[in-house]
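User: Could you take me through one part of this model up close? I'd like to hear about the metal site, and then about the other ligand.

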Amino acid sequence: MRRRKILAAGIVFCMCMRSLCACESQQLSGEDKVRVGVAYYNQSDTFLNELIACFKEELQSFESDDLEVTVTVRDAAGSQRTQDDQVKEMLDAGCNVLCVNLVDRADPSEIIDLARERDIPIIFFNREPVAEDLMQQDGLYYVGAEAEESGIMQGELAVDAIRQNDRIDRNKDGKIQYVVLEGEAGHQDAIIRTENAVETLKSNGIALEKLSYQIANWNRAQAQNRMEQMIGQYQNKIELVLANNDDMALGAMDAYRKLNYTESALPVFFGIDGTDVGLQAVRDGKMAGTVYNDKEGQAEAMAKLAVAAATGEGMEDIEFENEKYIYLPYQKVTPDQIDEFLDEEA
Ligand code: GAL
Ligand code: CA
């Protein structure tokens, strides 16, 4: 009994002290501070750098006299072990919401455990964990886009270009000889984009002949290197290059430039992302089209969710699919409407 009384008195005392401190110093309480820890797989990735820049901007717009927002960003340089350590450090430093772009999308368990111990929400983004991992506890979310949609759109862009321009079938055999540059093996945006782009071409009656494919891990330099190999093998037989992202499409163009191919001997190139350099290539007529990966939309959704999850306010305004997922739509980008996208960028 006595112990209970002492305990009760203690609690009342603490509560008074807390409110006193809050009044006196006018400081923001823990819930009014959003400390975001961002962990991403590799700083050499063009699209992610642009997405994270947008995310920082979006977060700033939430700052006010009543809400302090800070962001810490860590690059894992392609190592899941490094990323696990970085997440632990950010949590130890007091981050109260995490945004994680996994290195290995099949291996989030360490990070999920760390967040569970401290009851901190995690917003995974761009590299989608498998559903079982996301479903294992509350406070886990995913923001991204549907790979299938981007593949279909890339296929449709290619269908339109091939129908409008009979010079694309350079050897006039009624078939389009193509190669694919793929992102990382095991990434949701690699194989699914390729499959859907190719299926869309076929279901629209375009006869195709696949010459080859190479994995270039989203990377421009690797894509240039792989493309040089394919050109070495097929010379001017290649009529279409489908790349899983803009950087790899640009790498393919670099290869042709390096080998001094004339304009009329070039294939058509299609990318995905609409990065700054990707959009410029479409504007300059070098890339036939791309698919806009809505980094502004994704960044906005992440910022809104991060603030809501950290403060506990505004969650009810957020619309999820399956209670945890937010997918932003892709958009086709052709030279005709490139100005709209370049304006948005400016
Ligand atoms: C894709 C994007 C690629 C690359 C990759 C990294 O969505 O199209 O360019 O950034 O994510 O996970
Ligand atoms: Ca042909």
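Analyst: Here's a walk through the calcium site, followed by ligand 1. This is a predicted model, so local features need pLDDT of at least 70 and side-chain atom pairs count only at pLDDT 80 or more, while totals for chains, interfaces and linings use all residues. Residues are numbered from 1 along each chain as its sequence is written, chains are lettered from A and ligands numbered from 1 in the order written, and side-chain values use heavy atoms, leaving out hydrogens and water.

The calcium ion (ligand 2) has protein donors 2.3 to 2.5 Å away: Asp 169 (OD), Asn 171 (OD1), Asp 173 (OD), Lys 175 (O), Gln 177 (OE1) and Glu 239, which is listed with OE twice. Donors here are N, O and S atoms within 2.8 Å of the metal (3.2 Å for Na, K and Ca), and with water not among the atoms, sites may look incomplete. Along the sequence the donor residues run D-x1-N-x1-D-x1-K-x1-Q-x61-E. Asn 171 and Glu 239 sit 68 residues apart and link distant parts of the chain. Asn 171 counts as partly exposed because its relative accessibility is 45%, whereas Glu 239 counts as buried at 2% (buried is under 20% relative accessible area, exposed over 50%, partly exposed in between, with a 1.4 Å probe and protein chains only).

Now for ligand 1. Its surroundings (residues with a heavy atom within 4 Å) include Tyr 41, Phe 47, His 187 and Trp 218. A polar side-chain atom of Asp 273 lies 2.6 Å from an oxygen atom of ligand 1, and for Asp 45 that distance is 2.7 Å.

Methods:
Helices (H or I, at least four residues) and strands (E, at least two) are DSSP runs, numbered from the N terminus. A polar contact is a pair of N or O atoms within 3.5 Å; within protein, one must be able to donate a hydrogen and the other to accept it, and residues adjacent in sequence count only if both atoms are side-chain atoms.
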